Amino acid sequence: MSNRITTGGQKLFMTFDITPTSHSLAEYKARGGYSALRKALTEMKPEQVTKEVLASGLLGHGGAAFLAGRKWGVVKLNDGQPHYLCMNADEGEPGTFKDRWFLENTPHLLLESMLIGSYALQGRHSFIYIRGEFDLAYRRMADALEEAYAAGLFGENILGTDFACDLVIYRGAGSYVCGEASAMLTSLEGKKGYPRNRPPRLTVAGLYQKPTVVNNVETLANVPYIVTHGAEGFRKVGTAESPGTQVISVSGHINTPGVYELEYGYPFADFLANECGGMLNGSELKCVVPGGISTKVLTKDDIMPLRMDHHSFVAAGSQLGSQGMIVVAEGTCMVRLLQVMLRFYHHESCGQCTPCREGMGWLERISNRLVAGQGRPEDIDRLYQISRANDGTTICGLGDAAGYATVGILDKYRNEFDYFIEHKKSMFGGRLEVAGIGDNARLVDAAVA
Amino acid sequence: MIEFFIDGVPCTAETGQTVIQAALSAGVRIPSFCWHPNLSVPGNCRICMVEVEAEGGAWFDIACNMPVTKGMRVLTDSGKVRELRKDTMQFITLNHPVDCGICNKSGECLLQDHHYAYNGQPSLSRDSKTHATKFYPLSDRIMLDNERCIMCSRCVRFTDEVSKSRALGVINRGDHSLIRPNEEVDFNDDPYSDNIIDICPVGALLSRQLLDHARVWYLKATPSVCPGCERGCSINIWHRKSEWKLNALDPQLNTSIDRVTPLENPAVNGPWTCNKARDLSRIFERPRALQSKVKSAPADLAAAINAATALIDASSRAVALVSSWGSNEELAAFHSTLGGSFTSFVKADHVPVPGERIEDDVLIKADKNPNRFAALAMFSALPDDAASAFPADTDLVLVWGEGAPWSAIPSSARVILLTSYDQPENVRADVLIPISVQTERNGHYTNFQGTITAFEQCFPKHAPIADAASLFEVLYSSTSRVAGTK
C-alpha cells in the first residue's frame, strides 16, 4: 500500500513514503522516531505527560471520542498498585481498517507511544491486544518489538533512565466483542471474552482488577506528536473541538477505497471527490455509513454539507465512530444491507446478557424473512421494539450499536421496507453492488430477472 | 448507614450494599434470574433493571450491580421499568420452549413466576425458536436441557466459587451459547453438584432422581437435619403430601423420600448442602428391621421389652454403646434413665464409605455422624481399642444403633440391640428391638459447632417399632435395678 497524495490538510502520520523497509527501526529513527520518548523520559514527569495529553484535547479514535487525557487522569499515580496500559488493536468494526495501516506501516510509532503512555501511567507491564486475523500486522509488530528490545528500548533502564517497561503482544481469537475494552481485558486474562459490568470502571479495576487504561491504536499514535510539539502544537491541527487528524478507512461504491489521513474539519464533499475518487462508475451517492456499521446511516442530503469532525456529525444525528466509512450508491437495496449488518451482529453477539443474546438472533431472523419476501407489516414495529429494548440495557455497546444501525436505516429508508413487504420483492432487485459492475452484480441481476 | 429511597419510601443501606440487596432488606423484591445472594454478580439477565431519578434526568441500570449512594431515589415499578421488564421477559422466553406442562421445574420455576408477574403475554416472535440439546447428561446425577437454559450462569459460578470444581463453562456465542462440562474435570467428582439444580432459575438442570418422578405440588417439604456428617446441614425432606396419597401405585411411594433440598441456615450450611444429603433415601430406605425378636425368634414388641428388662435385671456388669445418631432428646432420656445402670460409650455409627469425600473446607466434615457432639457431652467415647471397653466379666451389652464393634464384644455377654435396619449382625442379638429412624420422629441434633437444629417427622411410624426415647423410659420403669442401687 502506498500513500496517495491527498488534499486532506496537514498530516501527522502519513508523512513518509511506504517502502519495503519503511517500517524498520532504522528508518523510523531516521524520521525522528523515539525522540519524543527521550523528551518524555528526560524532560517530563509522568503527570506532565498526562497533563499535556489532556490539554491537547486528544479524542479517542476507537469510536466513543472520549477525551484521552481524562481517562489517563483517573489513574492515581503512586497508589502502590500496578497500572496497565493496553493498546486496543482488535480492530473489527465492519468498514474500519485504519488501525491496520498503523500496525503494518508504523509499528515503532506504536511502540514509542506505548512506552510514553506506560511512563505517564507508571505501567511496568503493557499489552497490545491485536486482532487474530491480522497476520502481517502481527508479524510487523512482533518484529518491531524484537528490534526495540535489542536496541534497549524495552526492559530495564530505558534510554539510560530508571524507567522500565515490558510489552506483551497478545493475539485475539477472532471475536468482535473483544474489541470492547472490558471484554478485551477479560480475554487477555485468559477467560471467555465477555464484557464486564460497570461499575467498577476499568481505570479503577481493569486487567487483573488493577487500574487499566485501554486506548485505541490511533489514539496512542498521537501521543509522540503531542509530546514533541506540545498541546499547543497539536491544537494547531484540526478544529477547536476536534483537534488533530483522523485516519479514515473508506470503502464501498467509490473509485479509490483505502486509508486516508484527514485533518478534522475537512469537507466531506471534497473527501468524496478527491480522496475517494468520486462515486464508482459515475453512480449517484445514496447514503454513507459514517463510522463503522454501528453508527447511524447518513443520507446524501445529510452528509454532503458536513465537515468531517465530531461536532458536525453528532449534530447531524450520527457519529464519526471508528472512522470506517462505507459509501453506498443509489440502487442499493437497504433491506439487504440491513440484513447483512444484522447477520454480523447476530454472529458476534457474545451471548452474555439477555437483550443482545436473544435480540440479535431475533433481528436477523426477521430481516431474513423480510428478504425472503415473507415480511409482515408488524415486523417493522418489531425491529424498532427490539432495537429500543437493546438501547442502554446491555452490558456493552454491541446491542445498542445493532439498534442504532437498524433504527438508522429504518428511519431513513422505511419506504424500501414497506415496498418489500407489500410486493414481496426488493425495490432495487436486492442489489448490494453497483449495477453492471463485476460478476457478482451480473449474478444478482440474473437472479432478479 | 446510607439513607436512600425505594419507590419514594425512605430506606437505609449498609455501605457497599447494592440496590437489590438493600431493597431485599427493606422487603422489596426486585426480580432477578442471574443474581444469587451467595454468588458473584454477573449482571447478565437484565431483569432487575430499575430507574434512578436524578436531576439531570432519570437513568436506568441493573439493581444487582448498582451501589447505593446517599439520597438515591430508586424506582422499582415505574412505567418505564415495567416496560423494560416486559421486553426482557420477551427476550428470555424467545428461545425458551415454554414446555411447562412436561417440565420438572414447573410449579417452582422463577421464569414462570416472573412471566406471570412481569410479562403475561405470549411471545411476539413469529419465527421458529433456536434448537439445542435436550437431555444432555452433565453427570450421573444431572441432566441439562439446553433449550430451557436462559444462560444466567448461576451453575457455572457455583462450580467456580462455591464447590470450586470448575466443572462447568459456556461454549459458543450468542444464542448458540451452551453450558457444557469442563473436559478435564469429571463433574461426578463434585460432591456439591446437585446444588446447581436448586439454584437453576428454570428447568434446565434436572435431577435424574426426580426427573419424571413427581410434580412438586404433590410434595410436602418437611424441615429436617442431614445426619450425613457432623455439619448437620438444615434440609427439607420432600415427600408426598398425605392428601395426594397414591392408591394405585406402590404404597411405599407414599412414605419414601422424593428429594432433599437444602434449607437456608446461615449459621450452619448457608443455602447449600452436599450430594450425600440428596441421597438420604439410600440411608433411610435400606431394608428395615421391623420385627422384634428374642433369641432370633420373632416376638411381639412387649415380649421383647420384657426379655430386655429381664436381661438388665440379671446383669451385674452392663456396657452400653450409645448411638451418635440419637437425638438430643433420646440421648438425654438414656442418660437420665438407663445411663446409671450401664457403663456407656459413644460409638461412631457411621464411618466414611470408600469413595466418599472425607472432609473439605466447604461443608463436609470427617465425622459422619450427626450428634456425636451432644453424645460426648454426656458419655465418653468408645476407645480406639474397643475391647478395652468390655471388662472380662461383662455380661450384658446394650447396642444402640449401627456400627458396633461386634468382634470386640465378649461372646459370653448377652446383647440387647436397638436398631432400625436389617443387617447380618442382628443375629448376634439376644433381644432385638426395632426403633424408628429420623424421618419417623421429631428431635434435635447438636452439630460440631454446638448449633442445635430441629428435625420433624415426615412419615408415620411403622408399627410396631419403638422410639428410642420412650423405650428407655419403659425399660427404666420396668427394671428393678435403678440408678444408684447397683
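In this predicted model, the buried residues of α11(B) pack against α8 (301-314), α9 (328-336), β19 (396-400), β20 (414-419) and β21 (431-434) of chain B. The residues concerned are A468(B), L471(B), F472(B) and L475(B), which are the buried residues of this helix, spanning residues 468-478. Because they cover an arc of only 100 degrees around the axis, they are placed on the same side of α11(B).

Chain B also contains parallel strand pairings linked by helical crossovers. Strand β16 (residues 318-322) of chain B pairs in the parallel sense with strand β17 (residues 343-346) of chain B over 4 bridges, and V322(B) has V346(B) as its bridge partner in β17(B). Between these strands the chain passes from β16(B) through α9(B) to β17(B) in a right-handed β-α-β crossover. β17(B) is in turn joined by 2 bridges to strand β18 (residues 380-381) of chain B, again in parallel, with S380(B) in β18(B) as the bridge partner of F345(B). A right-handed β-α-β unit is formed by β17(B), helix α10 (residues 372-378) of chain B and β18(B).

Several loop residues have backbone angles that deserve separate mention.

| Residue or bond | Backbone angle |
|---|---|
| R198(A) to P199(A), cis | omega near -5 degrees |
| P199(A) to P200(A), cis | omega near 0 degrees |
| L159(A), not a glycine | positive phi of about 50 degrees |
| R46(B), not a glycine | positive phi near 70 degrees |

P199(A) lies in the loop between α8 (181-188) and β4 (212-216) of chain A, and P200(A) is placed in the loop between α8 and β4 of chain A. L159(A), in the loop between α7 (135-150) and β3 (166-171) of chain A, is partly exposed at a relative accessible area of 24%, whereas R46(B), in the loop between α1 (19-25) and β3 (49-53) of chain B, counts as buried at 4% relative accessibility.

Terms used:
Residues numbered from 1 in each chain as written. Chains lettered and ligands numbered in written order. Predicted model: local features only at pLDDT ≥ 70, side-chain atom pairs only at ≥ 80, totals over all residues. Heavy atoms only, no water. Buried < 20%, exposed > 50% of the residue type's maximum accessible area, 1.4 Å probe, protein only. Arc of directions from axis to C-beta. Contact = heavy atoms within 4.5 Å. Pairing = 2+ DSSP bridges. Right-handed = clockwise from strand over helix to strand, strands pointing away.
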